[in-house]
Every structure is written in C-alpha cells, then in structure tokens.
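Here are my notes for someone opening this structure for the first time. Keep the sequence and the 3D view side by side as you read.

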Amino acid sequence: MFASKDKARKEAFRREALVHIDALYGVALRLVKNERDAEDLVQDTYLKAYSHFDKYQQGTNCKAWLFKILTNTFINRYRKKQKERTYLVEDDERPIFERFAAKADSPFERPCDSEEQLFHRVFGDEVRAALEQVPADFRMVVLLADLQDFSYKEIAEIMDCPIGTVMSRLYRGRRLLQKQLVDYAVQQGVLSID
C-alpha cells in the first residue's frame, strides 16, 4: 500500500513539477549569475518541493508554487551571503553567457530547446548586463512578469508581498532597465533621438 502511494506521488511530481525545470533554471541563472549556483538553486528548489509535495494542491498552478519556493530559497541564500564575506577567484567570475553567442541570422529562425536558449539569442550582451545591474527584488519581478508571463496576483503569491508592491517593483525595475538601455536602443535603431 505504501509503495503504491509513493509511486503515485513520484509520478504526480514528475508530471506536474519536473516540466518546469527549464523555466526555473532560466530565472535562477539570471538571479545568481553563475551556472553552478543556478543549478544548486534549482536542485534545492526541487528537493524542497518534493519533500513538501503533500502540501501542494494538485491541479493548481504548480509553476507558481515552484517559483515561490525558488524565490524563498534565493532570498534566504542572498541574506545568508550578505552576512558572509566571499572572496572569488578570477576564474569563478567568467561570463555566464559565453556559450550562448547569437549567430548573424535571426534568432527566431532556428529552433530552440528552451526559453533560456531563446533569451540568449534574442537579447544582446548589453541587455543581459543591464538586467544583472537591476537589484534582485526588482529583477525577480521583471523576470517573472516579462519572461515567465505570471500575472500580478501570481507574482504577489510567489514573492509573498502585496500586488501593489509587485506593480511598484515591476515599474521601477523596468525604469531602471530603460535608463540603462537608452544608448543601446538608439544604436540598434529601436529608438531615435531627434
């Protein structure tokens, strides 16, 4: 009897939770800016999700539930790291996106295995660098709203804050990105200054 319950739990977890691994990894990578740390963050997220899967209401928004766990795990790690002093070796700071150089053709013409690959093809280094400069609270809301298409309500639940705070952070995060990307937009022909 216990074996069949455990098997059913594993199957439900695979069906509902594991399908979101690419989306979680994409956001984790942009939050922590390091592939190894992003993998660890996603692994910790799934470990916590699996151990508390009995608390998840099947049929509800599993992706939002997973992002809430990811966000809380990230915030707890971030606070812990603020208290510690970390010294990095130069090799540890190598560019995260060095393997994702976009080719000369349109990024939409080639098939993508994940939205992470599409993100790297569509956005230039300037956009990624600007996004990394946005403070974590604002960056998280921008990523959840603009790349993961969560609603204000879902983001509020994920980040455990009021909808008004989500709207404010999204506005401020987008404004910070806008200020940093004006020159890039002019250079790319998206914006003209007359």
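1. Let's start with one residue on the surface side of things. Lys 68 has a relative accessible area of 26%, so it counts as partly exposed. Its salt-bridge partner is Asp 160, and the closest N and O atoms of the two are 4.0 Å apart. This pair ties distant parts of the chain together: Lys 68 sits in helix α4, Asp 160 in the loop between α8 (152–159) and α9, and 92 residues separate them. Asp 160 is exposed, because its relative accessibility is 61% and exposed begins over 50%.

2. Now the overall picture. Please keep in mind that this is a predicted model. The protein chain has nine helices and zero strands, so expect the pattern α-α-α-α-α-α-α-α-α as you read along the sequence. Of the 194 residues, 39% are buried. Take the contacts between residues at least 6 apart in sequence: 66% of them join residues at least 24 apart. About 12,500 Å² of the chain is exposed, with carbon and sulfur atoms supplying 52% of that area.

3. How many salt bridges are there? The count comes to five. Besides the pair in point 1, have a look at Arg 77 and Asp 44, whose closest N and O atoms are 2.0 Å apart. This is another link between distant parts of the chain, with Arg 77 in helix α4 and Asp 44 in helix α3 (residues 35–51), 33 residues apart. Arg 77 is partly exposed, at 26% relative accessibility, and Asp 44 is partly exposed with a relative accessible area of 26%.

4. A salt bridge within a helix is also worth a look. The side chains of Lys 10 and Asp 6 meet at 3.6 Å, N to O. Why are these two about one helical turn apart? Because they are four residues apart in helix α1 (residues 2–16). Lys 10 is partly exposed at 38% relative accessibility, and Asp 6 is partly exposed at 33%.

5. Back to helix α4 (residues 62–83), where you will find Lys 63. Is this lysine buried or exposed? Lys 63 is buried, because its relative accessible area is 18% and the cut-off for buried is under 20%. Leaving aside neighbours within four places in sequence, Lys 63 is in contact with His 20, Ala 23, Gln 148 and Phe 150. With one of these, Gln 148, the side chain of Lys 63 makes a polar contact of 3.1 Å. You can also check the spacing to Glu 154: the C-alpha atoms of Lys 63 and Glu 154 are separated by 9.8 Å, although the two are 91 residues apart along the chain.

6. Helix α7 (residues 136–147) passes a simple length check. Its 12 residues should span 16 Å at 1.5 Å a residue, and the end C-alpha atoms are 15 Å apart, so the two values agree. The helix is mostly covered, with nine of its 12 residues buried. Among them are Phe 138, Met 140, Val 141, Val 142, Leu 143 and Leu 144, and Arg 139 is on the list as well.

7. Two backbone spots deserve a second look. Most residues other than glycine have a negative phi. Asp 149, just after α7, takes a positive phi of about 60 degrees. Asp 149 is in the loop between α7 and α8 and counts as exposed, at 63% relative accessibility. Lys 33 is not a glycine either, and has a positive phi of about 65 degrees. You will find Lys 33 in the loop between α2 (21–32) and α3, where it is partly exposed with a relative accessible area of 32%.

8. Finally, which residues make the nonpolar surface patch of about 430 Å²? They are Val 182, Val 186, Val 190, Leu 191 and Ile 193. Leu 191 lies in the segment after α9 (163–188). With a relative accessible area of 39%, Leu 191 is partly exposed.

How values were computed:
Residues are numbered from 1 along each chain as its sequence is written. This is a predicted model: local features need pLDDT of at least 70, side-chain atom pairs count only at pLDDT 80 or more; totals for chains, interfaces and linings use all residues. Side-chain values use heavy atoms; hydrogens and water are left out. Patches are made of residues with over 30% relative accessible area and no salt bridge: like charges are joined within 9 Å, nonpolar side chains (Val, Leu, Ile, Met, Phe, Trp, Tyr) within 5 Å. Accessible areas come from the Shrake-Rupley method with a 1.4 Å probe; for residues, only the protein chains shown count as cover. Buried means under 20% relative accessible area, exposed over 50%, partly exposed in between (1.4 Å probe, protein chains only). Contact means heavy atoms within 4.5 Å. A polar contact is a pair of N or O atoms within 3.5 Å; within protein, one must be able to donate a hydrogen and the other to accept it, and residues adjacent in sequence count only if both atoms are side-chain atoms. The expected span of a helix is 1.5 Å times one less than its number of residues.
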